[in-house]
Amino acid sequence: MKIGILGGTGNMGGGLALRLSLKHEITVGSRSVDKAEEASGELEAKAQGFYQSAMRGSITGALNEDVVEGREIIIETLPASAAVTTLATIRDRLTPDQVVVSCVVPMKRQGRLYTWSPVVAGGRDQSRSAAELIQEAVAPVNVVSAFQTVPAQYLNDIGGMLDLDVLVAGDDLGAVEKVMGLVRDIPGLRPLKVGPLANSKWVEALTPLLLNAAILNGLHDPSIRIVPWSPDTEET
Ligand SMILES: NC(=O)c1ccc[n+]([C@@H]2O[C@H](COP(=O)([O-])OP(=O)(O)OC[C@H]3O[C@@H](n4cnc5c(N)ncnc54)[C@H](OP(=O)(O)O)[C@@H]3O)[C@@H](O)[C@H]2O)c1
């Protein structure tokens with residue numbers, strides 16, 4: 001697939017580009033074409049060095065507005081403060097068959113700890129998830145929420161084995177299935193459906209909880225895995 005990453009020069013966008021370029025043609029977006037080209041060159045060299053002949057995809061760079069056209073999936077890895085406004089400026093370039101993936105986590109720091117903090121859009125604190133506000137900005141294009149609980153550091157450690165769940169929320173079943181497939185394309189990530197896009201609020205809120213768990217309990221970049229109950233059935 002051809003995939004565009006808005007804000008792809010950052011930690012999260014770069015990490016996803018590295019992992020997804022094994023199979024897909026990735027274009028990382030930036031506000032600056034020079035920065036996009038420099039970042040994409042470094043990312044592609046790192047990916048080629050690791051995947052060698054197994055690499056079937058590529059990583060190139062472009063302005064954010066130019067990573068949209070002709071891409072099946074557009075992944076949004078911009079800071080929450082810029083996520084809705086940036087997409088609103090390029091919505092005319094989107095087509096209804098595309099899917100936008102929101103990785104955005106709106107949160108703020110209070111002292112040493114973090115809380116989920118809704119994006120302020122249209123001058124109002126809407127108390128809705130970033131993904132829902134993005135959906136409002138790009139409708140009728142479908143938005144799916146995913147990857148919020150995957151630390152960028154894990155993705156950027158290209159040789160590091162992953163063993164994590166990715167919670168996927170969305171209203172359109174076809175778009176959700178497409179993103180489930182994208183998650184499966186990164187070895188070690190298991191996609192789990194968690195219902196409609198409105199539930200993105202709870203997925204986004206997991207990130208400040210994980211950061212606080214790290215800070216308060218001395219953990220190193222924790223993520224999540226949902227486990228079923230597996231009682232020990234052996235007789236004692
Ligand atoms: N880091 C993680 O572990 C992680 C994990 C899960 C989800 N996320 C989410 O993913 C998103 C990106 O996180 P990140 O850590 O990758 O952030 P980041 O590195 O700080 O920023 C990503 C990119 O956004 C662009 N950007 C910054 N400010 C902007 C603005 N005002 N307007 C337009 N573009 C701007 C920059 O690209 P240019 O300067 O090249 O334009 C930057 O490289 C956030 O919403 C975050 O909550 C992060």
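Me: Buried or exposed: which of the two describes Ala17?

Reply: Within 10 Å of Ala17 there are 32 other C-beta atoms. A residue is buried if 20 or more other C-beta atoms, placed from the backbone, lie within 10 Å of its own, exposed if 12 or fewer, and partly exposed in between. With its 32 neighbours, Ala17 is therefore buried.

Me: What kind of model is this?

Reply: Residues are numbered from 1 along each chain as its sequence is written. Local features need pLDDT of at least 70, side-chain atom pairs count only at pLDDT 80 or more, totals for chains, interfaces and linings use all residues, and the model is predicted.

Me: In which helix does Ala17 lie?

Reply: Helices (H or I, at least four residues) and strands (E, at least two) are DSSP runs, numbered from the N terminus. Leaving out residues up to four places away in sequence, Ala17 touches Ile5, Gly8, Ile26, Val28, Leu43 and Ile59; contact requires C-beta atoms, placed from the backbone, within 7 Å. Ala17 itself belongs to helix H1.

Me: How many of the 10 residues of H1 are buried?

Reply: The buried residues of H1 are Met12, Gly13, Gly14, Gly15, Leu16, Ala17, Leu18, Arg19 and Leu20. Their cover includes strand E1 (2-6), E2, H2, E3, strand E4 (73-76) and helix H5 (152-156). H1 is largely enclosed by the rest of the structure, because the buried share of its 10 residues is 9.

Me: How far apart are the C-alpha atoms of Ala17 and Ser40?

Reply: Ser40 is among the buried residues of H2. Along the chain, Ala17 and Ser40 are 23 residues apart. Between their C-alpha atoms the separation is 8.8 Å.

Me: Why does the end-to-end distance of H2 agree with its number of residues, and what is that distance?

Reply: H2 covers residues 33-51, which is 19 residues. The expected span of a helix is 1.5 Å times one less than its number of residues, so H2 should span 27 Å. This agrees with the separation of its end C-alpha atoms, which is 26 Å.

Me: Over what arc are the buried residues of H2 spread?

Reply: Ala36, Ala39, Ser40, Leu43, Glu44 and Ala47 are the buried residues of H2. They lie on the same side of H2, because the arc they cover around the axis is only 135 degrees. That arc is taken from the directions from the helix axis to the C-beta atoms. The cover of these residues includes H1, strand E2 (25-30) and strand E3 (58-63), and their arc is 135 degrees.

Me: Which exposed residues does the other face of H2 carry?

Reply: This face is turned away from the buried side of H2. Its exposed residues are Asp34, Ala45 and Gly49.

Me: What is the phi of Gln52?

Reply: Most residues other than glycine have a negative phi. Gln52 stands in the loop between H2 and E3 and is exposed, with 8 other C-beta atoms within 10 Å. Although Gln52 is not a glycine, its phi is positive, at about 55 degrees.

Me: Where is Phe147 found?

Reply: Phe147 is not a glycine, yet it has a positive phi of about 75 degrees. It counts as buried because it has 28 C-beta neighbours inside 10 Å. Its place is the loop between E10 and H5.

Me: Which residue does a cis peptide bond join to Ala139?

Reply: Most peptide bonds are trans. The cis bond here has an omega of about 10 degrees. The partner of Ala139, found in the loop between H4 and strand E10 (142-145), is Pro140.

Me: Which residues have the most contacts inside the largest nonpolar core?

Reply: A nonpolar core is a set of buried Ala, Val, Leu, Ile, Met, Phe, Trp, Tyr and Cys residues joined through C-beta atoms within 7 Å. The largest has 59 residues. Helix H4 (residues 130-138) gives the most to this core, with 6 residues. Those with the most contacts inside the core are Ile134 and Val179.

Me: Which residues come nearest to the ligand?

Reply: There are 24 residues around the ligand, each with its C-beta atom, placed from the backbone, within 6 Å of it. Helix H1 (11-20) and helix H3 (80-90) are the elements that give two or more residues to this shell. The nearest residues are Gly7, Gly10, Ser30, Ala82 and Val105.

Me: With which residues is Leu113 in contact?

Reply: Leu113 lies in strand E7 (residues 113-116) and is exposed, with 12 other C-beta atoms within 10 Å. Leaving aside neighbours within four places in sequence, its contacts are Asn212 and Ile215.

Conventions:
Contact = placed C-beta atoms within 7 Å.
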